[in-house]
Amino acid sequence: MPSVAVPLAADEAIPAKRRDPLLVALWITLVLIAVIWIAPFVFIFFTSLKSNAEVMSSSAFAPPLSPHVQNFEGAWDNGRFSTTLVNSTIISFVKVPLGLMISAMAAYALARIRLRWKKALLIFVLFGTMIPFQVMLAPLFTLVNSLGLIDTYVGIILPYLAFGVPYQVFILQGFFRAVPKELSEAALIDGASHITVFRRIFLPISLPVLAALLILDFVSTWNEFAMALVILQDSAMWTLPLGLMAFQGQFSSDYGQLNAAIVMTVLPAIIVYLIFQRYFVSGLTSGAVKG
């Protein structure tokens, strides 16, 4: 005999799932923070597509009625972005991969190779993260000038490496220490060298961390200003931030071209972040939970 479903009484009805007030408040807070964070970018992008007359007559966050793309052409020509873009690209594309390679090898040595003064070496390397580079600008200029490296790519890349490698070693060394020892010990027993273990085992599993560090290092190198201002004195060697500073001094009243120059300056860093953003969160949390 088939069973008959008996409807529940009113007081026995399954209660509707209630939303957690704390979760709702958290989402509202995150949305507000996102709006506050993205508002300046919307303002800069909209302004870059407006003429000066439209900038003065319309709201700051109003979209352009007719996009004024000539602002980008004028900013590109007047700001010499063809030169500064090439300089920033060469410096960043040499410094960032080279710094990551040096940091990864140093972190592996400090984490996995038995060294007599390993702890002292680690403290010495980490000491570099505690010194603000601003206090080192004067002696840094004296050193680079004595080596004849002022206004050269080498003269700016070497200081960038010196101040960027310690932080990366600190992050990678902690990640490599969290890797089970059995992985490397088994390979070493089978006759593999430390170079092979590093290249075949540690590099593949550390790709998310390396991608996160690549994003952070690229953005900081691309936007660095103070050290480049001291070492790169010839305008032909200027990077994008220095070119933007000079452009702002000459065209401070041309708001459309000025904001177009800002957009062109930050766009490469945004593109790099969008390419590697899928690894960013996983890279920052790698090694945080062991197991």
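Is F93 buried or exposed? At a relative accessible area of 56%, F93 is exposed; its ring partner comes up in the fourth view below. Everything here comes from a predicted model.

**View 1. The whole chain is a run of helices.** Counting elements gives 13 helices and 0 strands, so don't go hunting for a sheet, because strands are simply absent from the count. Of the 291 residues in the chain, 33% are buried. Among contacts with a separation of 6 or more, 72% join residues 24 or more positions apart. About 18,200 Å² of the chain is exposed, and carbon and sulfur atoms supply 70% of that.

**View 2. The largest nonpolar core draws on many helices.** This core has 34 residues, and the members touching the most others are A75, Y108, L172, F176, F202 and A261. Two or more residues come from each of α4 (81-112), α5 (118-127), α7 (153-178), α9 (194-205), α10 (207-223), α12 (240-250) and α13. Helix α4 is the top contributor, with 8 residues. Apart from this core sits another one, of 15 residues, including L137, L161, A228 and I231. As background, nonpolar side chains in soluble globular proteins tend to be buried together.

**View 3. Zooming in on F202.** Leaving out residues up to four places away in sequence, F202 touches Y108, R112, F176, V179, S184 and V197. F202 is also one of the core members that touch the most others.

**View 4. F93 and F218 meet edge-to-face.** The count of aromatic pairs comes to 10. In this one, the ring centres of F93 and F218 are 6.2 Å apart and the planes sit at 85°, so the pair is edge-to-face. F93 belongs to helix α4 and F218 to helix α10, 125 residues apart, so the pair links distant parts of the chain. The two ends have their own surroundings: F93 is exposed, while F218 counts as buried at 5% relative accessibility.

**View 5. F176 and F202 make another edge-to-face pair.** Here the ring centres are 5.3 Å apart with the planes at 90°, which means edge-to-face. Helix α7 holds F176 and helix α9 holds F202, with their positions 26 residues apart in sequence. Both F176 and F202 are buried. Zoom out a little and ring pairs link Y108, F175, F176, F198 and F202 into a cluster.

**View 6. A nonpolar patch on the surface.** L267, I270, I271, Y273, L274 and I275 make a nonpolar surface patch of about 550 Å². One of them, L267, lies in helix α13 (residues 255-285). L267 is partly exposed, with a relative accessible area of 42%.

**View 7. Two loop residues with positive phi.** Most residues other than glycine have a negative phi, so a couple of exceptions get their own close-up. R80 has a phi near 55° and sits in the loop between α3 (70-78) and α4. D151 has a phi of about 60°, and its place is the loop between α6 (137-146) and α7. R80 is partly exposed at a relative accessible area of 39%, and D151 is partly exposed at 24%.

**View 8. V42 and A62.** V42 is part of helix α1 (residues 21-48) and is partly exposed, with a relative accessible area of 27%. V42 and A62 are 20 residues apart in sequence, and their C-alpha atoms are 9.4 Å apart in space.

Definitions and conventions
Residues are numbered from 1 along each chain as its sequence is written. This is a predicted model: local features need pLDDT of at least 70, side-chain atom pairs count only at pLDDT 80 or more; totals for chains, interfaces and linings use all residues. Side-chain values use heavy atoms; hydrogens and water are left out. Patches are made of residues with over 30% relative accessible area and no salt bridge: like charges are joined within 9 Å, nonpolar side chains (Val, Leu, Ile, Met, Phe, Trp, Tyr) within 5 Å. Accessible areas come from the Shrake-Rupley method with a 1.4 Å probe; for residues, only the protein chains shown count as cover. A salt bridge is a side-chain nitrogen of Lys or Arg within 4 Å of a carboxyl oxygen of Asp or Glu. Helices (H or I, at least four residues) and strands (E, at least two) are DSSP runs, numbered from the N terminus. Buried means under 20% relative accessible area, exposed over 50%, partly exposed in between (1.4 Å probe, protein chains only). A nonpolar core is a set of buried Ala, Val, Leu, Ile, Met, Phe, Trp, Tyr and Cys residues joined through side-chain atoms within 4.5 Å. Contact means heavy atoms within 4.5 Å. Rings of Phe, Tyr and Trp (its six-membered ring) pair if their centres lie within 6.5 Å; planes under 30 degrees apart count as stacked, over 60 as edge-to-face and the rest as tilted.
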